[in-house]
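Here are my notes for your first look at this protein. Keep the model open as you read, and find each residue as it comes up.

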Amino acid sequence: GLFITIHDKGHIYDILKNWPIKKVKAVCFTDGERILGLGDQGCQGMGIPVGKLALYTGCAAIDPKYCLPVTLDVGTNNEDLLNDPMYIGLRHKRVTGEDYQDFIEEFIMACKARYGSHVLMHFEDFGNHTASDCSTNTSITPAASTMIFRERLPWLLLESLAV
């Protein structure tokens, strides 16, 4: 998968061009904030989008070469990780607010520009407050919800927002 950090703002499209497959059909991405049962895992959440995309392959017969797992590293609020000398992620508290929103928007728009407007964008294991901030039209159910960005962003699938 790809690891993209908040410090890559302004260059996300260029990073996506490094992925060898040009016809990606599904992008599953996480910021590692709410890994089910584990909490904030920062950049160590890559297994989650990989696993979800494996379900797309097994259940929907999407060829895995057309699936792109991504971890968006915006820091972590997990003190154990911040103090762990082996932690490979950004060593600062999570970026939030407008900087975070701009980063997510740039990522989504770069995916749309690179892979087309029909690419599936699957948000995975974002924190409830973070996901709610991403849209003014969010319907949260115990299992999953769909977010619609009416003006600036395409249809997005948002899963794992258990209340």
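1. **Asn78 first.** Is Asn78 buried or exposed? Its relative accessibility is 18%. The cut-off for buried is under 20%, so Asn78 counts as buried. Asn78 sits in the loop between strand E3 (67–73) and helix H3 (79–82). Leaving aside residues up to four places away in sequence, Asn78 touches Asp40 and Gln41. Remember Asp40; the salt bridges below bring it back.

2. **How far to trust the model.** This is a predicted model. Its mean pLDDT is 80, and 78% of the residues reach 70 or more. Confidence peaks in helix H1 (residues 12–16), at a mean of 97. It is lowest in strand E5 (residues 144–148), at a mean of 32. Over residues 135–163 the pLDDT is below 50. That stretch still has 77 contacts in the model beyond near neighbours in sequence. Read residues 135–163 with their pLDDT in mind, as it is below 50 there.

3. **The overall layout.** The protein has five helices and six strands. From the N terminus on, the order is β-α-β-α-β-α-α-β-α-β-β. Of the 163 residues, 48% count as buried. Now take the contacts between residues at least 6 apart in sequence: 65% of them join residues at least 24 apart. The protein exposes about 8300 Å². Carbon and sulfur atoms supply 56% of that area.

4. **The main core.** In soluble globular proteins, nonpolar side chains tend to be buried together. Here, the largest nonpolar core has 28 residues. Those with the most contacts inside it are Ile4, Leu16, Val27, Phe29, Leu68, Val70 and Phe107. Which elements each supply at least two residues of this core? They are strand E1 (2–5), H1, E2, E3, H4 and strand E4 (120–124). H4 gives the most, with eight residues.

5. **Val27 and a second core.** Use Val27 as a way into the main core. Not counting residues up to four places away in sequence, Val27 touches Leu68, Val70, Phe107, Cys111, Val119, Leu120, Met121 and His122. Apart from the main core lies another, of five residues. Ala26, Cys28, Leu53 and Tyr56 are among them.

6. **Helix H4.** What span should the 19 residues of H4 (residues 97–115) have? At 1.5 Å a residue, the expected span is 27 Å. The C-alpha atoms at its ends are 27 Å apart, so the model agrees with the expected span. The buried residues of H4 are Tyr100, Phe103, Ile104, Glu105, Phe107, Ile108, Ala110, Cys111, Arg114 and Tyr115. Find Glu105 and Arg114 in that list. Just after H4, Gly116 takes a positive phi of about 100°.

7. **Salt bridges around Arg94.** Side chains of opposite charge can pair when their charged atoms come close. A search of the whole structure finds five salt bridges. One joins Asp31 and Arg94, with the closest N and O atoms 3.5 Å apart. Asp31 is in the loop between strand E2 (26–30) and helix H2 (47–60), while Arg94 is in the loop between H3 and H4. The two are 63 residues apart, so this pair links distant parts of the chain. Arg94 also meets Asp40 in a salt bridge, at 3.0 Å from N to O. Asp40 lies in the loop between E2 and H2, 54 residues from Arg94.

8. **Buried or exposed charges?** Asp31 has a relative accessible area of 1%, so it is buried. Arg94 is buried at 9%, and Asp40 is buried at 13%. Next, look at Glu79 and Lys93, whose side chains meet in a salt bridge (2.2 Å, N to O). Glu79 lies in helix H3 and Lys93 in the loop between H3 and H4, so the pair ties together parts that are 14 residues apart in sequence. Glu79 is partly exposed, at 41%. Lys93 counts as partly exposed too, at 43% relative accessibility. Asp31, Asp40 and Arg94 are joined into one network by salt bridges that share partners.

Note on methods
Residues are numbered from 1 along each chain as its sequence is written. Side-chain values use heavy atoms; hydrogens and water are left out. Helices (H or I, at least four residues) and strands (E, at least two) are DSSP runs, numbered from the N terminus. The expected span of a helix is 1.5 Å times one less than its number of residues. Buried means under 20% relative accessible area, exposed over 50%, partly exposed in between (1.4 Å probe, protein chains only). Contact means heavy atoms within 4.5 Å. A salt bridge is a side-chain nitrogen of Lys or Arg within 4 Å of a carboxyl oxygen of Asp or Glu. pLDDT is the predictor's confidence in each residue, from 0 to 100. A nonpolar core is a set of buried Ala, Val, Leu, Ile, Met, Phe, Trp, Tyr and Cys residues joined through side-chain atoms within 4.5 Å. Accessible areas come from the Shrake-Rupley method with a 1.4 Å probe; for residues, only the protein chains shown count as cover.
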